[in-house]
Amino acid sequence: AKTAGGSCWRFFMPELLEKTTEDTIMINNLHRALEENEFFLQYQPQFTADGSKLAGFEALIRWKSQKYGLVSPGKFIPLAERSWLINKIGEWVLAEGCRFAQKLAQLGHEEIKVAINISPRQIKMNNFVDNVRQIIDAAHVFAPQIEIEVTESMIMENLDANIPKLETLQKDGMNLALDDFGTGFSSLTYLRTLPVNYLKIDKSFIDKIAISETQVKLVATIIELGHALGMKIVAEGVEAEEQLVKIQECGCDYVQGYVFGKPLSEEAAVALCKQYDK
Ligand code: C2E
Ligand code: CA
Ligand code: CA
Ligand code: CA
């Protein structure tokens with residue numbers, strides 16, 4: 001086995017090098033994409049669980065590359081997150097999402113929220129809070145219309161520094177959502193102390209909800225817990241009618257998923273607001 005290890009090393013080395021070069025090329029491509037305006041946002045609607053009211057949208061980044069076509073964020077965000085480039089992309093997303101929010105407000109839909117995903121490297125920056133404030137001010141958007149999505153693991157990385165940052169944004173009037181809830185090392189001890197308005201239950205919990213009673217009980221318990229802590233609950237990735245029925249029975253507040261709508265272009269999102277405006 002020891003000798004095999006030696007040959008494995010020789011075997012894997014060139015591959016590792018190749019991977020690094022490939023990544024470097026891609027990171028350069030992403031820099032160029034930012035300069036050449038190849039990124040755009042789509043907006044996925046979030047409804048009250050009964051589907052009667054449009055509550056907001058989650059902004060989701062897309063890359064329309066000249067070279068590669070449409071690339072999903074699952075492919076390029078993790079790569080961008082390895083360099084400082086993610087801060088630039090993150091600022092762009094925030095500015096663009098705020099511009100959209102401001103547009104909605106101008107059209108009389110100021111109650112419709114826009115949720116923006118934040119990367120770990122962004123929150124780490126010393127000027128994170130000032131940055132967010134500046135971008136929001138520059139866009140002339142009212143803080144309560146903006147929701148900031150962070151993950152638990154990201155906050156946990158440096159609780160002492162991150163909690164005050166998030167609290168400041170919350171005091172400004174912004175909403176905070178805990179994304180992908182249940183996928184990390186959920187620590188109930190900390191959940192109580194986190195400045196969070198919305199808990200987003202990860203899709204992996206929703207997937208089996210229509211076929212497993214145990215899963216229903218688990219989700220119902222998460223919802224109860226969130227409510228006990230004063231949070232509103234969003235179920236993510238609800239695709240089927242049967243899942244929707246279960247999630248409604250569990251007392252979930254909001255639903256985001258294909259059952260109600262896929263991510264939309266800005267024009268389609270505006271049209272949806274008009275359709276749901278009383
Ligand atoms: P996420 O923040 O958990 O976003 C939800 C993802 O689930 C989105 O994929 C959305 O299209 C997808 N989704 C929503 N409902 C359903 C459903 O019913 N069924 C299925 N199968 N999928 C559903 P998307 O847009 O490909 O984004 C993937 C991930 O990329 C996001 O996960 C987020 O981690 C990251 N991402 C996307 N946009 C941004 C961004 O602007 N900034 C940062 N930092 N990350 C982003
Ligand atoms: Ca209105
Ligand atoms: Ca998200
Ligand atoms: Ca999520």
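Colleague: Let's start with N37: where in the chain does N37 lie?

Modeller: N37 is in the loop between α1 (2-35) and β1. Keep in mind that this is a predicted model.

Colleague: What makes N37 count as exposed?

Modeller: The relative accessibility of N37 is 61%. Exposed means over 50%, so N37 earns the word.

Colleague: And what is there to say about the phi of N37?

Modeller: Phi is positive there, about 60°, although N37 is not a glycine. Most residues other than glycine have a negative phi, so a positive value is worth a look. D180 is another case: its phi is near 50°, and D180 is not a glycine either.

Colleague: Where is D180 found, and how do you know that it is partly exposed?

Modeller: D180 is found in strand β6. Its relative accessibility is 28%. Buried would need under 20% and exposed over 50%, so D180 falls in between and counts as partly exposed.

Colleague: How confident is the predictor in the chain?

Modeller: The mean pLDDT is 93, and 93% of the residues reach 70 or more. Over residues 1-10, though, pLDDT is below 50, and this stretch has zero contacts in the model beyond near neighbours in sequence. The model also scores ipTM 0.97 and pTM 0.93.

Colleague: On to the metals. Which residues are the protein donors of the calcium ion (ligand 3)?

Modeller: They are E58 (OE), N117 (OD1), E149 (OE) and D179 (OD). These lie 2.2 to 2.3 Å from the ion, and the cut-off for calcium is 3.2 Å, so they count as donors. N117 sits in strand β4 (residues 113-117) and D179 in strand β6 (residues 175-181), 62 residues apart, so this pair links distant parts of the chain.

Colleague: Are N117 and D179 buried or exposed?

Modeller: D179 has a relative accessible area of 8%, which is under 20%, so D179 is buried. N117 comes out at 28%, so N117 is partly exposed.

Colleague: What does D179 bridge?

Modeller: D179 bridges the calcium ion (ligand 3) and the calcium ion (ligand 4), and these two ions lie 3.9 Å apart.

Colleague: What coordinates the calcium ion (ligand 2)?

Modeller: That job goes to G108 (O) and D277 (OD), at 2.4 to 3.1 Å. G108 is in the loop between α3 and β4, while D277 is in the segment after α12 (266-276), so the pair ties together parts that are 169 residues apart in sequence. G108 has 31% relative accessibility, so G108 counts as partly exposed. D277, at 30%, is partly exposed too.

Colleague: Now the rings. Why is the pair of Y43 and F57 called edge-to-face?

Modeller: Their planes are at 75°, and over 60 counts as edge-to-face, so the name fits. The ring centres are 6.5 Å apart. Y43 is in strand β1 (residues 39-48) and F57 in strand β2 (residues 54-65), 14 residues apart.

Colleague: Then why is the pair of Y43 and F100 called stacked?

Modeller: Here the planes are at 20°, and under 30 degrees counts as stacked, so that is the verdict. The centres of these rings lie 3.7 Å apart. F100 belongs to helix α3 (residues 85-106), so the pair of Y43 and F100 ties together parts that are 57 residues apart in sequence.

Colleague: How do you know that Y43 and F100 are buried?

Modeller: Y43 has 0% relative accessibility, and F100 has a relative accessible area of 0%. Buried means under 20%, so both make it.

Colleague: What makes R121 lie over the face of W84?

Modeller: R121 is 4.6 Å from the ring centre of W84, and the distance limit is 6 Å, so the distance part of the test is passed. R121 also touches S83, as does I27.

Colleague: Why is S83 called buried?

Modeller: Its relative accessible area is 15%, which is under 20%, so S83 is buried.

Colleague: Last one: how many residues does the largest nonpolar core have?

Modeller: It has 80 residues, and F39, F57, I61, I148, L178 and I247 have the most contacts inside it. The largest share of this core, 10 residues, comes from α3.

Terms used: Residues are numbered from 1 along each chain as its sequence is written. Chains are lettered from A and ligands numbered from 1 in the order in which they are written. This is a predicted model: local features need pLDDT of at least 70, side-chain atom pairs count only at pLDDT 80 or more; totals for chains, interfaces and linings use all residues. Side-chain values use heavy atoms; hydrogens and water are left out. Donors are N, O and S atoms within 2.8 Å of the metal (3.2 Å for Na, K and Ca); water is not among the atoms, so sites may look incomplete. Helices (H or I, at least four residues) and strands (E, at least two) are DSSP runs, numbered from the N terminus. Buried means under 20% relative accessible area, exposed over 50%, partly exposed in between (1.4 Å probe, protein chains only). pLDDT is the predictor's confidence in each residue, from 0 to 100. Contact means heavy atoms within 4.5 Å. Rings of Phe, Tyr and Trp (its six-membered ring) pair if their centres lie within 6.5 Å; planes under 30 degrees apart count as stacked, over 60 as edge-to-face and the rest as tilted. A charge sits over a ring if NZ of Lys or CZ of Arg is within 6 Å of the ring centre and within 35 degrees of the ring normal. A nonpolar core is a set of buried Ala, Val, Leu, Ile, Met, Phe, Trp, Tyr and Cys residues joined through side-chain atoms within 4.5 Å. Lists of a residue's contacts leave out its neighbours within four places in sequence.
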